[in-house]
Amino acid sequence: MSIQLELEPFVFEGVSKERPLVLAGPCSAESEEQVMETARQLKERGISLFRAGIWKPRTRPNTFEGVGKDGLHWLKKVKEELGMLTATEVANVNHVFECLKFGVDILWIGARTSANPFAVQEIADALNGVDIPVMVKNPVNPDVELWIGAFERLNQAGIKKLAAIHRGFSTYGKTFYRNDPHWQIPIELKRRIPNLPMITDPSHICGNRDMLFEVSQEAMDLYFEGLIIETHCNPDKALSDASQQITPESLKKLLSSLVLRKANVDNTVISHTLEDLRQQIDTFDDKLLEVLGKRMKVADKIGAYKKENDITILQSSRWDQLLTKRIMDGEKKGLSEDFVVKVFRAIHQESINHQTKIMNE
Ligand code: PEP
Ligand code: MN
């Protein structure tokens, strides 16, 4: 079911309405020179929305925690001298008041803050009656309801220019990404609130420069509206997130390499072919459900049999063998190990649920 928020278009005077909407600038404002130089180089390359963190939520203490209020003078200068619009992160009422005092144009709520309903409510209350655009990063944990809740809190406080930032989700242990994109979560958010613009943050998803283009392209192929990309005049010397920041020139190259595909096609041949392929997919999905249903009926029988014979539900060695074999079979069919493991974990869990139900009957 879709959620009705009272939204206004996330567009800005003097900023191109063409996809993607781009915000760029350093992870952190570090000095007046670094802010002005980065902003100038971005402006020269057609970027109008400048981001910079003023208060930085760092995982560990005794690292660079942002320049604080001083940086707001520099953002004001970016706005006045270069005519760019400025954006920064707010995490509490004091940040909100300082930003409003200095005329910051767009605020965002960071991933750690959006995971905390008390903090989001406090920010929403501080913004009550203020007409300012707010972007909400996905919470660090993969919880779409929590993300939706943040938009509802802000909207109830009268904020109508809202956008979502997809920056990926924390996982335990080392993975390929700094923050797993879990694309199905921003997709679900868009399904639930269709008119909410989605801005992907490839910098925090990747944690390095190598994959920025692929992630940005994927966001464009999902028809997301924008990109926010950390950009620094001297990335290697950045005081935070150095490994993921790029120069304004690299940003320009990245943006001009993106392929922007259409969401809909007028060409009847293309649309018929697509329709045909989608029907094939639907048929396979129907079959998948039918097979899964049959599989669970067998699980029910096994459950009943184990109950009769007083055997535990889980025999881990069997599960281990099954998974190893499936990974190998999947590989032969062009399916990634990660996908096969996820699918069979879900199937196995459902099977256990069925058997548990039978055991307890
Ligand atoms: C940032 O944008 O610099 C930032 C701190 O992001 P996140 O809240 O996504 O970690
Ligand atoms: Mn950062």
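This is a short tour of strand β8, its neighbouring strands and the metal site that includes one of its residues.

The model is predicted: local features need pLDDT of at least 70, side-chain atom pairs count only at pLDDT 80 or more, and totals for chains, interfaces and linings use all residues. Residues are numbered from 1 along each chain as its sequence is written, chains are lettered from A and ligands numbered from 1 in the order in which they are written, and side-chain values use heavy atoms, with hydrogens and water left out.

Select residues 226-230, strand β8. Strands (E, at least two residues) and helices (H or I, at least four) are DSSP runs numbered from the N terminus. Five of the five residues are buried, so β8 is largely enclosed by the rest of the structure; buried means under 20% relative accessible area (1.4 Å probe, protein chains only), exposed over 50%, partly exposed in between. Gly226, Ile228 and Glu230 point one way, and Leu227 and Ile229 the other. In a regular strand the side chains alternate between the two faces of the sheet.

Add residues 21-25, strand β1, which pairs with β8 in the parallel sense over five bridges; pairing requires at least two DSSP bridges. Leucine 21 is opposite glycine 226. Next add β7, residues 198-200, parallel to β8 over two bridges, with threonine 200 opposite leucine 227.

Now select ligand 2, the manganese ion, coordinated by Cys27 (SG), His204 (NE2), Glu230 (OE) and Asp241 (OD) at 2.1 to 2.4 Å. Glutamate 230 lies in β8 and aspartate 241 in the loop between β8 and α10 (248-257), so the pair ties together parts 11 residues apart in sequence. Both residues are buried. Donors are N, O and S atoms within 2.8 Å of the metal (3.2 Å for Na, K and Ca); water is not among the atoms, so sites may look incomplete.
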